[in-house]
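Ready for some practice in reading charges and strands? Have the structure open beside you, and try each exercise yourself before reading its solution.

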Amino acid sequence: LKPNIVKELGTLHLLRALAKIEVWDSPETVQSMKSVSITRHKTAAVPMPKGVTHQSHYVKGNYAGDYVTTPSFPDNWGPFDNENIEPVAMTADDNGHYIIYVPEFRNNNRSDTEQKARLEIEYEDRDPYYIEFLDADKKGIDILRNYWYRFIVNKTNDQIEVHVDVLPY
């Protein structure tokens, strides 16, 4: 690398091993979050999905082909292998956004809420509030690599409203 010299590399297609989760207060919220934690997550990640050894295996030029739809765990991992069951605090950045990067997590096949990954939000005036990883139809969703989960939380005096965006990144 040399200063003031530019080399065009073209499009770089990244395949991340982790998911990004971000949580922040909406501008309308009346009370800011004191802390945010993720309740459960994997402690190990697989660097790439099974069978992927070349860029052509994951770059298809369309959303359905470019992003995985299920976690890519090794066949020998049991349902609860490599899981941390203690809440892990998320770190707040300078803008008050709480962010954490986590490995993939199979969430939609668990019937017990305590076994699912959830977000635990603490406020000064109430018990912890939990946010589930749900789709628009209120079905559980897995936490997948290459996705950015954005939770915007609006706390009024008597209720909490959550807006969720799940974006490829």
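The exercises below deal with salt bridges, a buried acid and a strand with its partners. Keep in mind that this is a predicted model.

**Exercise 1.** Find out which parts of the chain the salt bridge between Glu132 and Arg118 links, and classify each residue as buried, partly exposed or exposed.

Solution.
- Step 1: Start with the distance. A salt bridge needs a Lys or Arg side-chain nitrogen within 4 Å of a carboxyl oxygen of Asp or Glu. The N to O distance between Arg118 and Glu132 is 3.8 Å, and their side chains meet in a salt bridge.
- Step 2: Locate the residues. Glu132 belongs to strand S9 (residues 126-132) and Arg118 to strand S8 (residues 118-123), so the pair, 14 residues apart, links distant parts of the chain.
- Step 3: Check the exposure. Buried means under 20% relative accessible area. Arg118 has 8% and is therefore buried, while Glu132 has 26% and is partly exposed.
- Step 4: Put the pair in context. A search of the whole structure gives 8 salt bridges.

**Exercise 2.** Two salt bridges involve residues of strand S10; work out where the partners of Lys155 and Arg150 lie.

Solution.
- Step 1: Take Lys155. The side chain of Lys155 meets that of Asp125 in a salt bridge of 3.4 Å, N to O. Asp125 sits in the loop between S8 and S9, whereas Lys155 is in strand S10 (residues 147-155), 30 residues apart.
- Step 2: Compare the exposure of the two ends. Lys155 is buried at 4% relative accessible area, and Asp125 is partly exposed at 48%.
- Step 3: Take Arg150. The side chain of Arg150 forms a salt bridge with Asp165 at 3.6 Å, N to O. Asp165 lies in strand S11 (residues 160-168), and the two residues are 15 apart.
- Step 4: Classify Asp165. Its relative accessibility is 23%, so Asp165 counts as partly exposed.

**Exercise 3.** Asp25 is buried; determine what its side chain reaches and which residues Asp25 touches.

Solution.
- Step 1: Place the residue. Asp25 is part of strand S1 (residues 19-25).
- Step 2: Look for an opposite charge. Side chains of opposite charge can pair when their charged atoms come close. For Asp25, the nearest side chain of opposite charge is that of Lys155, 9.2 Å away. A salt bridge requires a distance within 4 Å, and Asp25 has no salt bridge.
- Step 3: Look for another contact. The side chain of Asp25 reaches the backbone nitrogen of Met33 at 3.2 Å.
- Step 4: List the neighbours. Leaving out residues up to four places away in sequence, Asp25 touches Gln31, Ser32, Met33, Tyr123 and Val153.

**Exercise 4.** Describe how S10 pairs with S1 and with S11, and how many of its residues are buried.

Solution.
- Step 1: Begin with S1. S1 and S10 run parallel and are joined by 6 bridges. Trp24 stands opposite Ile152 in S10.
- Step 2: Turn to S11. S10 and S11 run antiparallel, with 9 bridges between them. Phe151 has Val164 in S11 as its bridge partner.
- Step 3: Check the turn. S10 and S11 form a hairpin, with 4 residues between the strands.
- Step 4: Count the covered residues. In S10, 7 of the 9 residues are buried, so the strand is mostly covered.

Note on methods. Residues are numbered from 1 along each chain as its sequence is written. This is a predicted model: local features need pLDDT of at least 70, side-chain atom pairs count only at pLDDT 80 or more; totals for chains, interfaces and linings use all residues. Side-chain values use heavy atoms; hydrogens and water are left out. Buried means under 20% relative accessible area, exposed over 50%, partly exposed in between (1.4 Å probe, protein chains only). Lys and Arg count as positive and Asp and Glu as negative; His and the chain ends are not counted. A polar contact is a pair of N or O atoms within 3.5 Å; within protein, one must be able to donate a hydrogen and the other to accept it, and residues adjacent in sequence count only if both atoms are side-chain atoms. Contact means heavy atoms within 4.5 Å. Two strands pair if DSSP finds at least two bridges between them.
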